[in-house]
Amino acid sequence: MAYYRQVGTVPPKRHTQHRTDEGGLYYEELMGEEGFSSDSSLLYHRGLPSAIVDSQVWELPDQTTTPNHPLKPRHLKLHELFPKEVWAETDVVTGRRLILGNGDVRISYVVSTQDSPLYRNAVGDEIVYIESGQATVETVFGTLEAKPGDYVIIPTSTTHRWLPHGEGPLRAYAIEANSHVAPPKRYLSRYGQLLEHSPYCERDLHGPTELVHGEGADVEVLVKHRAGGAIVGTRMVYPTHPFDVVGWDGCLYPYTFSIHDYEPITGRVHQPPPAHQVFEGSNFVVCNFVPRKVDYHPLSIPVPYYHSNVDSDEIMFYCGGDYEARKGSGIGQGSISVHPGGYAHGPQPGAYERSIGAEFFDELAVMVDTFRPLELGEGALACEDTDYAWTWAGRGPKP
């Protein structure tokens, strides 16, 4: 995100002395992407950011995946994964259940009322969509407030923790990339500014404004990282709290973006999913489907046409409103539809005809399209509606 911010105190010139009131030095840390060739920030610490006193294995939750074979569309009912009695025992980091994954991205779901441990993902950036609930996200860059409809974008290796609060539990849909994520390139100027035809702009992106300071000795941080061709975990212990930053500046930092600030792009006839895109990573994109005026050609059919997206798996998370194209399928709030490449998908029977004459769709969904096949995680296998694949035909396999 090539959008400069500064929080706290920094020296007037980078890589120069920044001293405490007592005359000691603060320790400068460059946090940068792609070596020294992309976005970065400079953080100034009270203590040495590299000082650790222990490192042990952290056993990650089950990361096993199963191929979608035989190939078929699937309906996953995520709300079934977390009954109310487990909310108080679950946190947003260690309680995630893997839904789908491949070599480019992993999608998990969690429902929590418990504070998380300190954590950072050294594999790639995270996009965490808040289905419901509220949380304070404390990070080494400062605090973010997350509310329903927010995407929380957390750059690779950002140490942070989740503190849910408010009436209900925090329901979070976590998209973990093996890369960095950013706005679509077609919405950016050659210098990185969001252009006039972009469906959102820098005013809609909310970064930290206040630093957070932690206390304590021998502080544990969970680190997710690569080793031996797999994604694994390590428990690192720091002699002092990593939230010791007195100031930072740069173009790399966590931020929130509300789906409700996304301005939909519409047309006289049905617009394809790229018109709804909000982010992109390596070999995947993220799109929003938000309440909007629909097609206004006199002969338009507002629901999507049937389509074979031959290079992609399409994953739709239904997080609000009334999704017209899926009526009659059993899909509702908290559902995921998995429509894999190699399979033509589209509206449920009757939806095509019912949509004619509609002027507005009140729907809210987050879509991830991947360019390599996704496999099913243990969470998907635990909450599948096995009748979904046959809903277009009205019957399943013969006995």
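Buried means under 20% relative accessible area, exposed means over 50%, and partly exposed lies in between (1.4 Å probe, protein chains only). With that in hand, let us walk through the structure.

This is a predicted model, in which local features need pLDDT of at least 70 and side-chain atom pairs count only at pLDDT 80 or more, while totals for chains, interfaces and linings use all residues. Residues are numbered from 1 along each chain as its sequence is written, and side-chain values use heavy atoms, leaving out hydrogens and water.

## The nonpolar cores

In soluble globular proteins, nonpolar side chains tend to be buried together. Here a nonpolar core is a set of buried Ala, Val, Leu, Ile, Met, Phe, Trp, Tyr and Cys residues joined through side-chain atoms within 4.5 Å. The largest such core has 79 residues, and Leu78, Tyr151, Trp162, Tyr173, Phe279 and Val286 touch the most other members. Strand E15 (residues 170–177) gives the most to this core, with six residues. Strands (E, at least two residues) and helices (H or I, at least four) are DSSP runs, numbered from the N terminus.

Which residues is Val286 in contact with, leaving aside its neighbours within four places in sequence? Taking contact as heavy atoms within 4.5 Å, they are Ile127, Tyr151, Ile175, Gln277, Val278, Phe279, Val366, Met367 and Val368. Another core, of eleven residues, lies apart from the largest one, and its members include Met316, Tyr318, Ile331 and Tyr388.

## Salt bridges

A salt bridge is a side-chain nitrogen of Lys or Arg within 4 Å of a carboxyl oxygen of Asp or Glu. By this rule the model has 13 salt bridges. Three of them are set out here.

| Pair | N to O distance | Citation |
|---|---|---|
| Glu176 and Arg106 | 3.5 Å | salt bridge |
| Glu220 and Arg235 | 2.8 Å | salt bridge |
| Arg292 and Glu363 | 2.8 Å | salt bridge |

The salt bridge between Glu176 and Arg106 links distant parts of the chain, since Glu176 is in strand E15 and Arg106 in strand E8 (residues 105–112), 70 residues apart. Glu176 is buried at 3% relative accessibility, and Arg106 is buried at 6%.

Glu220 and Arg235 form a salt bridge too; Glu220 sits in strand E17 (residues 217–227) and Arg235 in strand E18 (residues 230–240), 15 residues apart. Glu220 is partly exposed at 36%, and Arg235 is partly exposed at 29%.

For the salt bridge of Arg292 with Glu363, Arg292 lies in strand E23 (residues 292–293) and Glu363 in strand E27 (residues 363–370), so the pair ties together parts that are 71 residues apart in sequence. Arg292 is buried at 8% relative accessibility, and Glu363 is buried at 2%. Salt bridges that share partners also join Arg96, Arg106, Glu126, Glu176 and Lys224 into one network.

## Strands and sheets

Two strands pair if DSSP finds at least two bridges between them. Strand E3 (residues 40–45) is largely enclosed by the rest of the structure, because five of its six residues are buried. Strand E2 (residues 27–32) pairs with E3 in the antiparallel sense over six bridges, and Glu28 has Tyr44 in E3 as its bridge partner. E3 is also joined to strand E19 (residues 245–250) by five bridges, running antiparallel; there, Leu42 is partnered by Asp249 in E19.

An open sheet of nine strands, with antiparallel pairing, has the order E5-E28-E7-E8-E15-E10-E13-E20-E16. Its edge strands are E5 (65–67) and E16 (205–206), each pairing on one side only. E16 pairs with strand E20 (residues 255–258) in the antiparallel sense over two bridges, with His206 opposite Thr256 in E20.
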